[in-house]
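Subject: Structure for you to look at

Hello,

Here is the structure I said I would pass on. Please open it beside this email and follow along.

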Amino acid sequence: MSIDTAQQDLPEAFRMEDRLPDNLPPDPFPTFARWFNAAHEQKIQPNPNAMTVATIDPDGFPSARIVLCKYLVEDPGYVVFFTNRNSRKGSALDTHPRAAVVFHWDRFDKQVRIEGPVVESPESESNRYFATRSAGKRIGAWSSDQSKPIASREALLKQVKDAQTRFGVDPDAETEPDPETVPRPPHWGGYRVWAERMELWVGNRSRIHDRALWTRELEPAAGPEGEDSFKPGAWSATRLQP
C-alpha cells in the first residue's frame, strides 16, 4: 500500500498534502534550495534566510545565535554566513570548527537542520560579499569589536564616528561611496558550514511530522584557491519518526 493510499484512511488532521516523497531523493540539497527560494519568493517572514548557528565555546559550553545565510551552495553542499571573526562565535569556531544550523519557516511549516565542519571562506568570497554591503554596514564592521564589553552606547557611537572620519564617509550623503572607500577589515569574513548531516522536516498539525535524515562522509581537501575544503561522499538517507 502506498503512502497516498494509506493517507486516505487517515483522519483529516493526520493527512499531509505537502510532504517528502515516498522515495527519498539521493541528495537533500535541491529540496532545501526549493524551500529556501520559496520562502524568499513568498515573503513569508522578514528574514527568510535567518538561521540559528550553534557552536561550542573554548570552555566547552554551547552557544547559539541567529545569523543570515548569504549563500546556499547546492553542489558540493554548504551554506555561508559572514561575521567578525574576533566575535564569540569566531572564537568558538577557531577552537571547535563545527556547527549545527537550523532554518525554521514557521508559516511555511518546514525546517532544515544541518550539522558539519566549518571552514573560513576564501578571501575572494569575503571580499566580493563585503563590497555589496552598504557604507553604513561596512563602517559598522570596522567600528564594533563584536562581543566585547563597552562602557556605554555613546562610546560605541564614538567608535562609529571615528571610523567614518578615518575613511572619509559622510553619513548624510545621498549616494553610496565607492566600495573601495571602506575595504573589508582583516578580522571580518565568511564561514562555510559543510553539511555532513542534514534533516528535512515538514510539519503536521497533529504532530505526525514528516522527517528524513541524510548523512555523508567529508574528506578534507584543498579548494581551488588553496582554502580548506572537503571532498564529499555519497549521501545515505533514512526516514525518522517524529
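A residue counts as buried when its relative accessible area is under 20%, as exposed when the value is over 50%, and as partly exposed in between. By that cut-off Arg184 is buried, because its relative accessibility is 15%. Please keep in mind that this is a predicted model.

Salt bridges

The structure has 13 salt bridges. In one of them Arg184 pairs with Glu123, and their closest N and O atoms are 2.6 Å apart. This pair links distant parts of the chain: Arg184 sits in the loop between α6 (153–167) and β7, Glu123 belongs to helix α4, and 61 residues separate them in sequence. Unlike the buried Arg184, Glu123 is partly exposed, at a relative accessible area of 46%.

Arg192 and Glu227 also form a salt bridge through their side chains, with an N to O distance of 3.7 Å. Arg192 is in strand β7 and Glu227 is in the loop between β10 (218–222) and β11 (228–232), so this pair ties together parts 35 residues apart in sequence. Both Arg192 and Glu227 are buried.

Another salt bridge joins the side chains of Asp162 and Lys158, at 3.0 Å from N to O. These two residues are 4 residues apart in helix α6, so about one helical turn lies between them. In general, an α-helix has 3.6 residues a turn, so residues three or four places apart point the same way. Asp162 is partly exposed at 40%, and Lys158 is exposed at 52%.

There is also a network of salt bridges, which links Arg113, Glu115, Arg197, Glu199 and Arg211.

Helix α4

Which residues of helix α4 are buried? In this helix, residues 123–132, they are Glu125, Ser126, Tyr129 and Phe130. Looking down the axis of α4, you will find these buried residues within an arc of 125°, so they line one face of the helix. Among the elements that cover them are β3 (71–73), β4 (78–84), α5 (135–143) and β7 (188–194).

Strand β5 and its partners

Strand β5 covers residues 98–105, and its side chains alternate between two faces. Ala99, Val101, Phe103 and Trp105 point to one face and are buried. Arg98, Ala100, Val102 and His104 point to the other face and are not buried.

β5 pairs with strand β1 (residues 50–56) in the antiparallel sense, over 3 bridges. In this pairing Ala100 of β5 is the bridge partner of Ala54. β5 also runs antiparallel to strand β6 (residues 110–120), and 8 bridges join the two. Here Phe103 stands opposite Val112 of β6. The hairpin of β5 and β6 has 4 residues between the strands, and Asp109 takes a positive phi near 60° there.

Pro242

Pro242 lies in the segment after β12 (236–240). Is Pro242 buried or exposed? Pro242 counts as exposed, because its relative accessibility is 52%. Leaving aside residues up to four places away in sequence, Pro242 touches Arg207, Ile208, His209 and Arg211. Arg211 is also part of the salt-bridge network mentioned above. The C-alpha atoms of Pro242 and Gly189 are 37 Å apart, and the two residues are 53 residues apart along the chain.

Regards

Key:
Residues are numbered from 1 along each chain as its sequence is written. This is a predicted model: local features need pLDDT of at least 70, side-chain atom pairs count only at pLDDT 80 or more; totals for chains, interfaces and linings use all residues. Side-chain values use heavy atoms; hydrogens and water are left out. Buried means under 20% relative accessible area, exposed over 50%, partly exposed in between (1.4 Å probe, protein chains only). The arc is that of the directions from the helix axis to the C-beta atoms. Contact means heavy atoms within 4.5 Å. Two strands pair if DSSP finds at least two bridges between them. A salt bridge is a side-chain nitrogen of Lys or Arg within 4 Å of a carboxyl oxygen of Asp or Glu.
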